[in-house]
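Open the model in a viewer with side chains available on demand. The stops below say what to select next and what is there.

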Amino acid sequence: MRTPRAAAVPVWTAVLCSVAVLVAGCAGGPAPRAWAASVCQALAPWRTTIADLTTSTREQMTARTSPAQAKEHLVRLFGGAERVSDQARRDVEDAGVPDVERGEAVARGFVASLTGVRDAYGRARRSIEQLDTGRAEEFYAGVHAAVAVLNREYDASALDLGALDSPELKRAFEEVPECR
């Protein structure tokens, strides 16, 4: 079974950080260094929690438990990922719009990506909640299907960095201690 990849978390976080490095916009918002520090502070606990939840999910999927136990654990895990992703989304949104060219686009991109991740975990949680645990084979097939959809949606929520470029944000993300 394919579970959300622990390796995808650092890659996805790098993508998020690269976006901030790349786009930007509205005058009067936080300076690039302040915005980068706020974003990295918002993403640090999210990244750690998602990595922990990913490891726990992988362990759960290889453990010999009953379908009912697996269901309870997976619902709790995906619900936790949904909550922490929403908190990161709110915190990034609260960081405002960096005072760089196209800053609005950067800020929107970060929030949209985290919204997509949150929603993917929420749909996975609801899918698992709906599974019948009475027949183990069908239950685990449903879990595999839900996790496959989660992985696709998680990957699809990554930011498109191709059109983004902000030297000020790139430098800020490389320099502020919160991003190291």
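**Stop 1: a buried charged pair**

Select Arg118 and Asp86: both are buried, where buried means under 20% relative accessible area, exposed over 50% and partly exposed in between, with a 1.4 Å probe and protein chains only. Arg118 and Asp86 form a salt bridge whose closest N and O atoms are 2.8 Å apart; the term stands for a side-chain nitrogen of Lys or Arg within 4 Å of a carboxyl oxygen of Asp or Glu. The pair links distant parts of the chain, with Arg118 in helix 4 and Asp86 in helix 3, 32 residues apart. Helices (H or I, at least four residues) and strands (E, at least two) are DSSP runs, numbered from the N terminus.

Before going on, note that this is a predicted model, in which local features need pLDDT of at least 70 and side-chain atom pairs count only at pLDDT 80 or more, while totals for chains, interfaces and linings use all residues. Residues are numbered from 1 along each chain as its sequence is written, and side-chain values use heavy atoms, with hydrogens and water left out.

Now add Arg89, Arg90, Glu93 and Asp119 to the selection: together with Asp86 and Arg118 they are linked in a network of salt bridges. The whole structure holds twelve salt bridges.

**Stop 2: Arg125 and Glu82**

Select Arg125, in helix 4 (residues 103-129). Which residues does Arg125 contact, leaving aside its neighbours within four places in sequence? They are Val75, Phe78, Gly79 and Glu82, contact meaning heavy atoms within 4.5 Å.

With Glu82, Arg125 forms a salt bridge, the closest N and O atoms being 2.8 Å apart. Glu82 lies in helix 3 and Arg125 in helix 4, 43 residues apart, so this pair also links distant parts of the chain. Arg125 counts as buried at 17% relative accessibility, and Glu82 is buried at 18%.

For a salt bridge with other surroundings, select Glu138 and Arg135, whose closest N and O atoms are 2.6 Å apart. Here Glu138 is partly exposed, with a relative accessible area of 46%, and Arg135 is exposed, at 54%.

**Stop 3: aromatic rings**

Show the rings of Phe78, one of the contacts of Arg125, and Tyr121. They form a tilted aromatic pair, 6.2 Å centre to centre with 35° between the planes. Rings of Phe, Tyr and Trp (its six-membered ring) pair if their centres lie within 6.5 Å; planes under 30 degrees apart count as stacked, over 60 as edge-to-face and the rest as tilted. Phe78 is in helix 3 (residues 67-94) and Tyr121 in helix 4, so the pair ties together parts that are 43 residues apart in sequence. Phe78 is buried at 2% relative accessible area, and Tyr121 at 3%.

Move to Phe139 and Tyr140. Their ring centres are 5.0 Å apart and their planes at 75°, so the pair is edge-to-face. Phe139 is buried, at 0%, whereas Tyr140 is partly exposed, at 22%. The count of aromatic pairs comes to five.

**Stop 4: the nonpolar core**

Select Trp35, Phe110 and Phe173, which ring pairs link into a cluster. Then add Trp46: of the 44 residues in the largest nonpolar core, Trp35, Trp46 and Phe110 touch the most other members. Such a core is a set of buried Ala, Val, Leu, Ile, Met, Phe, Trp, Tyr and Cys residues joined through side-chain atoms within 4.5 Å. Two or more residues each come from helix 2 (32-62), helix 3, helix 4, helix 5 (136-156) and helix 6 (167-175).

**Stop 5: the disulfide**

Select Cys40 and Cys179, which are joined by a disulfide with an S to S distance of 1.9 Å; the rule is a pair of cysteine sulfur atoms within 2.5 Å. The search of the whole structure finds one disulfide. Its link is right-handed, with 100° about the S-S bond. Cys40 lies in helix 2 and Cys179 in the segment after helix 6, 139 residues apart. Cys40 is buried at 5% relative accessibility, and Cys179 is partly exposed at 22%.

**Stop 6: where to be careful**

Finally, colour by pLDDT, the predictor's confidence in each residue, from 0 to 100. The mean is 83, and 81% of residues reach 70 or more. Over residues 1-26, pLDDT stays under 50. Where pLDDT is low, the predicted coordinates should not be read in detail.
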